[in-house]
Amino acid sequence: MTDPALEQLVERLAEVSDLNATATLLFWDQRVMMPPGGSYARAEAVATIARLAQERFISEDVGKLLDELRGLEESSAYDSCEASLIRVTRRDYEKATRVPAELVGEIRRAAALAVAAWGPAREESDFEALRPHLETNLELKHRYVECFDTPEETYDLLLDDFEPNMKTAEVRAIFDQLRDELRPLLEEIADVGDVDDSFLTGEFDRAPPAGVSSAIPRAFGSTDAEWRLDETPHPFLASLGIGDIRFTTNYRRDDLSSIFATMQELGNGVYEWGVDRALARTPLGSGVSLGLHESQSRLWENLVGRSRSFWRCFYPRLQDAFPAKLGNVDEEAFYRAVNKVHPSLIRIDADEVTYNMHIILRFELEQELIEGRLAVKDLPDAWNARMSDYLGVEVPDDAQGVLQDMHWPGGGFGYFPTYSLGNVMSVQIWERAREDLGDLDERFERGEFGELREWLTEHLYRLGRKFTPQETIERVTGSRIDAEPYVRYLREKLAPQAV
């Protein structure tokens with residue numbers, strides 16, 4: 001028989017989950033459907049929902065229920081749903097009770113207003129229009145940090161919101177290894193010579209035709225009954241609950257980047273879709289961390305979507321769609337072009353090697369901002385200087401520089417490192433999957449991705465948040481997060497990259 005206290009806790013957690021899903025729906029609508037004039041009303045609505053969710057979660061009733069359930073947690077198997085639910089909820093509760101509901105509402109209100117201001121500021125390349133919003137977001141983050149005991153590094157508290165239990169020093173060590181390994185690799189590739197990718201730019205239709213744009217999502221597992229695709233300036237995923245996965249992409253007339261942006265968000269969606277449905281409307285019912293989430297976006301976009309075997313299946317369809325541009329370009333030339341390593345301005349367009357330098361740059365700037373070593377007004381200059389230093393790229397305007405991402409307007413300080421952590425973990429997971437499944441290339445050439453998706457669902461997706469991120473990666477791969485397999489993969493695939 002179910003413990004009455006557990007039943008009460010699950011009921012309360014379901015209410016909180018519903019409120020958070022409503023806030024997510026409001027965010028999705030703001031980015032996809034809402035007219036620009038609704039931004040202030042939307043900010044108030046989001047703030048109200050966030051405050052109510054916080055109040056419901058941090059109430060004394062929840063604390064008392066968790067105390068009553070200590071015996072059940074201790075007597076249950078560690079990996080049982082009951083023990084996991086109580087354990088994870090307690091950690092979330094102990095952290096959440098430090099933060100007043102009013103502050104949570106303020107943070108969400110400010111983020112909604114900043115995101116509304118970000119679009120026009122980016123379009124006009126006007127950093128000054130966004131600067132007051134960023135300053136407000138940063139001031140609110142300082143107030144958030146003050147709610148907690150002093151950590152080893154202030155940034156630890158922001159990182160923990162996206163990658164629980166990981167410390168800034170651990171990320172710094174991984175990123176130092178990536179920087180030390182990847183800078184020489186970039187030089188080796190540059191010394192060999194350029195790769196022709198001229199046929200990837202020019203005049204294309206607004207979007208790849210249905211034969212390509214719908215075939216890839218369906219091959220990865222999306223269905224019309226449970227998935228929705230829209231267009232936004234910045235691609236993102238919103239999972240609103242069982243059977244409601246919404247992702248966006250960004251179509252351009254002058255290149256094919258939307259194909260890869262779509263695959264990246266599909267990877268996030270496949271993860272959320274695969275979480276055990278018995279965990280729905282609880283704190284366990286989502287991906288365990290942003291790093292592991294990004295491991296799946298990068299796995300499906302890069303390890304699958306930039307592989308030779310993938311394009312052996314889909315490239316003929318792309319040629320049929322764009323015969324004037326691609327009809328005389330052979331498969332090998334196309335494969336090399338979509339894997340070209342070349343420093344560029346925009347993170348979401350970056351290749352597999354330089355992408356990490358974009359992330360390291362943001363990671364460093366975020367620490368300087370939160371520690372007061374960098375003022376928001378000086379952020380564009382600091383950004384431009386580091387782009388020149390790390391990638392040898394001169395930034396022509398703020399739209400292609402500090403304004404390119406939505407994360408800081410959205411209050412997501414601490415998010416960026418998870419992208420490169422995801423890169424690292426994606427290869428660890430990929431190698432383990434190939435050990436179990438064997439060579440996947442023949443299956444990919446036939447457009448068959450189900451076995452990989454099912455393996456990932458069984459070993460990773462279905463777990464949701466039952467375990468910590470480190471416990472999860474160890475259960476899936478047998479080891480802690482380790483950059484060496486990722487560096488080895490990049491070298492084997494990309495160096496040397498001959499003409």
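**View 1. The lining of the second largest pocket in this predicted model combines charged, nonpolar and polar residues.** By class, 11 charged residues stand beside 9 nonpolar and 4 polar ones in the lining of the second largest pocket. The volume of this pocket is about 540 Å³, and of the 24 residues that line the pocket, Arg308, Tyr335, Tyr489, Glu492 and Lys493 are the closest to its centre. Two or more lining residues come from each of the elements α13, α16 (331-338), α19 and α23. Among these elements, α23 gives the largest share of the lining, with 6 residues.

**View 2. The second largest cavity is lined by residues that include Arg298, Glu352 and Tyr486.** The model holds 6 cavities of 30 Å³ or more, and the second largest of them encloses about 50 Å³ of space. Its lining is made up of Arg298, Asn302, Leu303, Glu352, Asn423, Ser426, Val427, Tyr486 and Tyr489. The elements that give two or more residues to this lining are α13 (290-304), α19 (417-437) and α23 (484-494). Sorted by class, the lining of the second largest cavity has 4 nonpolar, 3 polar and 2 charged residues. Tyr489 belongs to the lining of this cavity, and Tyr489 is also listed among the residues closest to the centre of the second largest pocket.

**View 3. Three strands form an open sheet in the order β1-β3-β2.** The pairing in this sheet is mixed, and its edge strands are β1 (227-231) and β2 (237-241), each of which pairs on one side only. Averaged over the sheet and with direction ignored, neighbouring strands are turned by 20 degrees against each other. Strands of a sheet pair through backbone hydrogen bonds, and they can do so in a parallel or an antiparallel sense. In the parallel case seen here, β1 is joined to β3 (residues 244-249) by 5 bridges, with Thr248 in β3 as the bridge partner of Asp230. In the antiparallel case, 4 bridges connect β2 and β3, and Ser239 stands opposite Ile245 in β3. As for accessibility, β3 is mostly covered, since 5 of its 6 residues are buried.

**View 4. Gly243 takes a positive phi in the hairpin of β2 and β3.** This hairpin has 2 residues between its strands, and the phi of Gly243 is near 75 degrees. The two strands on either side of the turn run antiparallel to each other.

**View 5. Asn165 and Arg281 are two residues other than glycine with a positive phi.** Most residues other than glycine have a negative phi, and this view therefore picks out two loop positions that depart from that general tendency. Asn165, whose phi is near 75 degrees, is found in the loop between α8 (155-160) and α9 (168-192). With a relative accessibility of 40%, Asn165 counts as partly exposed. Arg281, with a positive phi of about 60 degrees, is found in the loop between α12 (257-274) and α13. Arg281 likewise counts as partly exposed, at a relative accessibility of 45%.

**View 6. Cys81 and Cys147 are shown in a structure that holds 0 disulfides.** A disulfide is a covalent bond between the sulfur atoms of two cysteines. No such bond is present in this model, where the count of disulfides is 0. Cys81 is partly exposed, with a relative accessible area of 34%. Cys147 has a relative accessible area of 19% and is therefore buried, because the buried class is set at under 20% relative accessible area.

Key: Residues are numbered from 1 along each chain as its sequence is written. This is a predicted model: local features need pLDDT of at least 70, side-chain atom pairs count only at pLDDT 80 or more; totals for chains, interfaces and linings use all residues. Side-chain values use heavy atoms; hydrogens and water are left out. On a 1 Å grid over the protein atoms alone, a cavity is a set of points where a 1.4 Å probe fits but cannot get out, and a pocket is an open set with protein on both sides within 12 Å along at least five of seven lines; lining residues have an atom within 4 Å of a point. Grid points are joined across faces, edges and corners, and a volume is the space filled by probe spheres set on the points. Ala, Val, Leu, Ile, Met, Phe, Trp, Tyr, Cys and Pro count as nonpolar, Asp, Glu, Lys and Arg as charged, and the others, Gly among them, as polar. A disulfide is a pair of cysteine sulfur atoms within 2.5 Å. Buried means under 20% relative accessible area, exposed over 50%, partly exposed in between (1.4 Å probe, protein chains only). Two strands pair if DSSP finds at least two bridges between them. Axes are lines fitted to C-alpha atoms, for helices over the stretch in contact, and angles run from 0 to 180 degrees between N-to-C directions.
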